[in-house]
Amino acid sequence: MSAPRDYETIPGTYVYDAERGRVGYHLNMFCMSLNDPENRKAFKANEAAYLDRFPLTPGQKEAVLKRDWLGMLKVGGNIYYTIKIAFCDGLTFQDVAGMMCSMPKEEYAKMMLAGGRSPEGNRFKPGTGEEK
Amino acid sequence: MARIVGGIACSHVPAIGAALDKGNAGNPYWKPYFDGTIPAREWLAKIKPDVAILIYNDHANALSLQMIPTFLMGTAEFFPVADEGFGPRPVPPVYGHSKLAWHLVESLILDEFDMTIANEMPVDHGLTVPLSVTCGQLDKWPFKVIPLCVNVIQYPPPTGVRCFKLGQAIRRAVQDFPEDLRVVVYGTGGMSHQLQGERAGLVNQEFDAMFLDGMANDPQKLTRLTHTEYMRESGSEGIEMVMWLAMRGALGGKVREAYRFYHVPTSNTASGLLCLEPTE
């Protein structure tokens, strides 16, 4: 039984499945390397040179160098891995979450304090299903 | 004879660990959360477990995408605390119960659950945050811990029904262990949360309440949730709740809910905490 990809109808969501795993592997393994303090130092000293150690696509390199958090997901990044770059930068998970949905930090924090993003209107991409 | 004396469901949000580690647990943001965890800590102290089987997911620390076991059990006597990219958490190291872990591995594989075996591995916040929440800040954890990792990072994770059946197999295996041990089982992760994409920050309180209700009274209903339903309703990372079902399967048919606590927000997520006691 192959996996039904009906989750592709969920808006603003990049499920790390076989399709993304095939293209994202090296990008994510670069992120994993930042668990090592020596590697964090080398990356910070010269980011582009450090990235050259990994067989990344030009688009993946650019997304990392620009800290395009949403863009990284679109070129195969897995959030549990890409967040390692943010930790290396001294950012928090909430900082990155806000940037991925283009919300100012304060506004995102306010939304979470008010109970988080409502599922209402956020279950299906337009034209792909019925809201309950 | 070993027996399962309790089950705990607990979110493992890293920010909860960071709040404790940095001494921020008493500030206005965190106090309501930590106040709500006190009864669970008191309950667990009364239960006095010898060993915990702690079901969680690793977050690119012990495991990477290089090899992705669906179910993995740590059989070591000792598990160091991982450096997750910002230094290891300042918490005690984790001591395992190698003899019980090997018994579980053998029993589970012969019972058709093909466990990967880890003789050495660091443990990350997925395991240490639930310990901190339910035991507090200590110099030494009060019981031994057997880590059981479930893949929820690379789609697809195991289904809810598969996790529930794994829990049932864990129950059979524990009951077969000849030593007199009191065992608790943790199911960690959840509740509703989405950490990624333009929909980050999703919290579905209605879904979470339904899930908390079902854990005690109708876990069979919860095992019928599909992966897409979890992700659509409770956020892409809400799918971690399949690990709660593994814990629930280990408790047997009837349980009593000893404590329930639900809080929004803990960083980007809703947090749930549930203490269950088997009654049969």
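This passage describes the sheet, the nonpolar cores and selected helices of a predicted model. The model scores ipTM 0.94 and pTM 0.96, and for chain B the mean pLDDT is 97, with 100% of the residues reaching 70 or more.

In chain B, eight strands form an open sheet with mixed pairing, in the order 6-3-7-2-8-1-10-9. The edges are occupied by strand 6 (116-118) and strand 9 (255-266) of chain B, each of which has a single partner strand, so that one side of each is left without a neighbour in the sheet. From one strand to the next, the twist averages 20°.

Towards the edge formed by strand 6 of chain B, that strand runs parallel to strand 3 (residues 71-74) of chain B, to which three bridges join it. Within this pairing, Thr116(B) is the bridge partner of Leu72(B), and Ala118(B) stands opposite Gly74(B). Strand 3 of chain B also pairs with strand 7 (residues 144-150) of chain B, here in the antiparallel sense and again over three bridges, with Cys149(B) of strand 7 standing opposite Leu72(B). The side chains of strand 3 of chain B are divided between two directions, since Phe71(B) and Met73(B) point one way and Leu72(B) and Gly74(B) the other, yet all are buried.At the other edge, strand 9 of chain B is joined to strand 10 (269-278) of chain B by nine bridges, and the two run antiparallel. Val255(B) stands opposite Pro278(B) in this pairing. The two strands form a hairpin with two residues between them, and Ser267(B), in the turn, has a positive phi of about 60°. Strand 10 of chain B pairs in addition with strand 1 (residues 3-10) of chain B, in the antiparallel sense and over four bridges, and in this pairing Gly7(B) stands opposite Leu276(B). Strand 10 of chain B is mostly covered, with nine of its 10 residues buried.

In soluble globular proteins, nonpolar side chains tend to be buried together. In the present model, the largest nonpolar core comprises 57 residues, and those with the most contacts inside it are Leu104(B), Leu108(B), Leu148(B), Phe211(B), Met215(B), Tyr230(B) and Trp244(B). The element that gives the most to this core is helix 5 (residues 160-175) of chain B, with seven residues. When neighbours within four places in sequence are left aside, Leu108(B) is in contact with Met73(B), Phe113(B), Met115(B), Leu166(B), Ala169(B) and Ile170(B). A second, separate core has 42 residues, among them Val13(B), Val81(B), Val145(B) and Cys149(B).

Helix 1 (residues 14-21) of chain B contains the buried residues Ile16(B), Gly17(B), Ala19(B) and Leu20(B). Seen down the axis of the helix, the buried residues fall within an arc of 160°, and they therefore line one face of helix 1 of chain B. The elements covering these buried residues include helix 2 (31-47), helix 4 (125-135), strand 9 and strand 10 of chain B. Helix 1 of chain B is followed by Gly23(B), which has a positive phi, near 75°.

In chain A, Glu19(A) is found in helix 1 (residues 18-33), where its relative accessible area of 42% makes it partly exposed. The C-alpha atoms of Glu19(A) and Ala109(A), which lie 90 residues apart along the chain, are separated by 32 Å.

Terms used
Residues numbered from 1 in each chain as written. Chains lettered and ligands numbered in written order. Predicted model: local features only at pLDDT ≥ 70, side-chain atom pairs only at ≥ 80, totals over all residues. Heavy atoms only, no water. Pairing = 2+ DSSP bridges. Axes fitted to C-alpha atoms, helices over the stretch in contact; angles between N-to-C directions. Buried < 20%, exposed > 50% of the residue type's maximum accessible area, 1.4 Å probe, protein only. Core = buried A, V, L, I, M, F, W, Y, C linked by side-chain atoms within 4.5 Å. Contact = heavy atoms within 4.5 Å. pLDDT = per-residue confidence, 0-100. Arc of directions from axis to C-beta.
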